[in-house]
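Trainee: Could you take me through the ligand site of this structure, with the cut-offs spelled out as you go?

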Amino acid sequence: MCGIVGYAGNNEAVPVLLDGLSKLEYRGYDSAGVCISGKDGIVVKKSKGRLSSLAEKIKSEGGTEGKVGIGHTRWATHGAPSDINSHPHRYGKVTVVHNGIIENYAELRSSLTKLGEKFSSETDTEVVAHLINKYYIDDPISAIACACGRIKGSYALGIIFDDIPDKIYATRCDSPLIVGIGDGENYIASDIPAILGRTRNYYLIEEGEIAEISKDGIRVCNFDGIPVTKEVQTAEWDIEAAEKGGYEHFMLKEIHEQPKTIKATVDPRMINSVEGILKDEIIDTSSIKRIKIVACGSAMHAGLLGKNAIERLARIPVDVYIASEFRYCNPIFEEGSIVIIISQSGETADSLSSLRLAKKKGIPTYAIVNVVGSSIAREADHVIYTWAGPEIAVATTKAYTAQVAVLYLLALRLANDKRTINKDEAVSIFNAFSSLPDHIEKTFSYTERMQKLASLNSNINNLFFIGRGQDYSLCHEGSLKLKEISYIHSEAYAAGELKHGTISLITDGVPVIAVITEKDVAEKTISNIKEVKTRGAFVILIADRNCVDEKNVSDICDELILLDSTAPLLMPIICAVLLQLYAYYTAVYRGCDVDKPRNLAKSVTVE
Ligand code: F6R
């Protein structure tokens, strides 16, 4: 939620800031702004709407020459998207951009108001500018430290002081922040893609640290002003990974990257044998008696597939929790429990808090994370990275399938260690992983079918996804993908559960997407398909060709897609790609902003 950037160098700051913000727009895109320190002193330009509106405004109004600046792209929390509520916020000698939430802002605002200070916006951020200004005489570090001492909540801040025009300051608590190290220029940013076109080297700013950035150098100290020595990090992602590379949308590009990202995630863990899976990340599995998977949204859906796999193969009970529920439900940790947090960004507030809760209780924690060095990755006891590369589209695709792949590897390793599957089955699943990228590649041959189906159904208001077992878990993700980007209401239903209520919604032409990848329950799902078909549903069946008899099922569905078989465990990953394509093309037909769906932001760093 919200992205911040900052620049101090020898070039004009505006183009650098706008470019950086364009790479962070996935974090929020309802307004944007910059503060430039230059020839006209401190100039703030901000505008409601997309970054392009800000760029237009700057172009038409001018006055933004300067080589030092901070910028912001917003996902509104306090105060509607408007010019006035956009960042930067300025008070006295202080201008700030902020990512996070100041939880005690109302209290702070009222005490500052009593002192006669006037506020111009409805935001929580404005109190930060007031507070820093209040404590500022001539020592920026101590002013920032004093202000932070009074703030409760999360923040990554970029700050400019009127009388220190050549420097920017930055600090953080529970929101991500990096400082990019350039040659004669330096940066701050919420995330690596914002600086990737200019440098690969950066520092991770820790909580309780303040960075002072000028074109000539970076100084990091703690809140007492004592210098902190930082280790230079190097981003492995290449710049192309954060560009569209000829695709119309990031989402389509990221869908197509999946053969590569699955390979990158799986191959390094499959070097020798089943015994060697995840050996670098998980040393001893013998004490694991119960697993709690905690995550949000699609990452939680990946967890559901993980539960299916771990329980089936390794016979270890797994509970899957929505992180925002877990953190407040006073969870019961049985002996031998571990907690697995799944998160693409590694910054999701509820997931991070759940991790901290588990750690506080002394429970071993594992994190399946995509962003190296993110808060969750740093705080978990053990990290298993998904090597999906930067994911820019708000709707996750390649990170989700990589998360599922990691959970499947874990299931196989646990099952093998516990001897709950025989050697042959283990080896056969192990071998199937190597052909998974090819199977995913083959799903792209269904692109035209998916386009056609999407065009047929693009005017609908409701859709149902049905399946059993792992297919039901997959349906949750298919449904989320469709609704978040196409704004069509859809629901995932356990196929056998429909008749307990929801089947009343099935009328002529209501689309139902059914998934069958498990032979054991195929006949049962087929019966459920017949039930909806009889009531007029337009049925699309996606099935593993080994699980159904084509002749028998062609009559009960309107569209049939039969996928080549591999290990049944892996089939949901392959089907997921088809469902992603379906959602993508439906959103395109409906004219939706695929990469930036309304009201959403990629990285949910607030509760
Ligand atoms: C949906 C989507 C979200 C995220 C969720 C968790 O397409 O992307 O549901 O999965 O916000 O985000 P991370 O994985 O960053 O913790």
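Mentor: Happy to; here is a close look at the ligand and its surroundings. A word on the basis: the model is predicted, so local features need pLDDT of at least 70 and side-chain atom pairs count only at pLDDT 80 or more, while totals for chains, interfaces and linings use all residues. Residues are numbered from 1 along each chain as its sequence is written, and side-chain values use heavy atoms, with hydrogens and water left out.

Let's begin with the shell. The ligand is surrounded by 14 residues, where a residue is near a molecule if one of its heavy atoms lies within 4 Å of it. The closest are S343, Q344, S345, T348 and E484. Sorted by class, the shell holds 5 nonpolar, 7 polar and 2 charged residues; here Ala, Val, Leu, Ile, Met, Phe, Trp, Tyr, Cys and Pro count as nonpolar, Asp, Glu, Lys and Arg as charged, and the others, Gly among them, as polar.

Now for where the shell comes from. Domain 2 (246-421) and domain 3 (443-594) each give at least three residues to it, with bounds from an automatic or database domain assignment. Among helices, α8 (297-314) and α15 (470-486) each supply at least two shell residues; helices are DSSP runs (H or I, at least four residues), numbered from the N terminus.

At the atomic level, oxygen atoms of the ligand meet several polar partners. A polar side-chain atom of T348 is 2.4 Å from a ligand oxygen, and one of S343 is 2.6 Å from a ligand oxygen. From A299, a polar backbone atom lies 3.5 Å from an oxygen of the ligand. Taken alone, the ligand exposes 400 Å², and the protein buries 90% of that (accessible areas by the Shrake-Rupley method with a 1.4 Å probe).

Finally, the space taken by the ligand is the largest pocket. On a 1 Å grid over the protein atoms alone, a pocket is an open set of points where a 1.4 Å probe fits, with protein on both sides within 12 Å along at least five of seven lines.

Notes: A polar contact is a pair of N or O atoms within 3.5 Å; within protein, one must be able to donate a hydrogen and the other to accept it, and residues adjacent in sequence count only if both atoms are side-chain atoms. On a 1 Å grid over the protein atoms alone, a cavity is a set of points where a 1.4 Å probe fits but cannot get out, and a pocket is an open set with protein on both sides within 12 Å along at least five of seven lines; lining residues have an atom within 4 Å of a point. A molecule sits in a cavity or pocket if more than half of its atoms lie within 2 Å of its grid points.
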